[in-house]
Amino acid sequence: MKKQIIHEINSLPPLPSSVIELDDYKNADNIDIEKLMEIIKKDPLMVANILKVANSSMFGFRSKIETLSRAINLLGVKFTVSIAIGSAVQNTMKSNLLAYAVSNQDFIYTSSLATNIVNTWISAIDFDLKNELLLPAFLQEVGKFIISEVIQKEKRTEEFLQELNETKDISLCEEKYMGFTCGRITANVFKHWNLSHNIIFPIAYAEDLDSCPQSFKQKAQILHIIKILCDIRDPLSDKNIEKALKKVALFNLDVEQFLNSIDVIKEVIKQNS
């Protein structure tokens, strides 16, 4: 299916101008909230997704968030920018995730969860590293839209789903059917759109750590752990937390810090579900 994947990537429309503006805003370390609101308000779907994330169970804010300005104040500028860019990228894909038997809203939820894990866990390790990983964490599963599109066009959805149900290993199935990992497909999507190497490289090597350049190794390892935790069909399951924990230990990251962060996130979700 490699030719179909290349065709799908080359057929993608250009990113909307709002994404380019947001990327410039992010790279300039801009903290002008009025300017950020001006960019985001150009895209009503972007606004709707930010409010949806802010009102999701994973945050548990005391009252309903009804305005963009309040969402930005509560989520933070960097977090909001990551969600805004991520939701715009997802909408540009013009596809669905039927091959995985999940919805586009499931994608927004698990991608936001990934960003929340970075925000909670990595901020305790390295604040600058946290800011660098917020967007890659949100975006690293975008390749699933290409995979789903190709599988549906090839009329192999039922076969793919059966494999997913039997193996319980999404990455294994993706590579078996596509010949590429989801991360490598995502990286090529972003290469097509001329996004930064700081986004592309950690995503590309999150499932190929042995080949990862040393300068991106830690970022790729963290994205690898987050990919396990944010399995779109079974996010934050006990099984996946246990699997991720083994990787935390293997990569010599602080186990207690990791567990405390996951406990905090799970408790908030539990209280607000």
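**Exercise 1.** Determine whether Lys144 is buried or exposed, and describe its contact with Glu141.

*Solution.* Step 1: Lys144 has a relative accessibility of 2%, so it counts as buried (buried means under 20% relative accessible area, exposed over 50%, partly exposed in between, with a 1.4 Å probe and protein chains only). Step 2: Glu141, at 12% relative accessibility, is likewise buried. Step 3: the two residues form a salt bridge, with the closest N and O atoms 3.2 Å apart (a side-chain nitrogen of Lys or Arg within 4 Å of a carboxyl oxygen of Asp or Glu).

The model is predicted: local features need pLDDT of at least 70, side-chain atom pairs count only at pLDDT 80 or more, and totals for chains, interfaces and linings use all residues. Residues are numbered from 1 along each chain as its sequence is written, and side-chain values use heavy atoms, leaving out hydrogens and water.

**Exercise 2.** State which parts of the chain the pair Glu163 and Lys176 ties together.

*Solution.* Step 1: a salt bridge joins the side chains of Glu163 and Lys176 at 2.8 Å, N to O. Step 2: Glu163 belongs to helix H10 (residues 157-167) and Lys176 to helix H11 (residues 170-178), so the pair ties together parts 13 residues apart in sequence (helices are DSSP runs of H or I, at least four residues, numbered from the N terminus). Step 3: Glu163 is buried at 17% relative accessibility, whereas Lys176 is exposed at 57%.

**Exercise 3.** Identify the residues that shared salt-bridge partners join into one network.

*Solution.* The network consists of Glu141, Lys144, Glu174, Glu207 and Lys227. The structure as a whole holds 14 salt bridges.

Technical notes: Helices (H or I, at least four residues) and strands (E, at least two) are DSSP runs, numbered from the N terminus.
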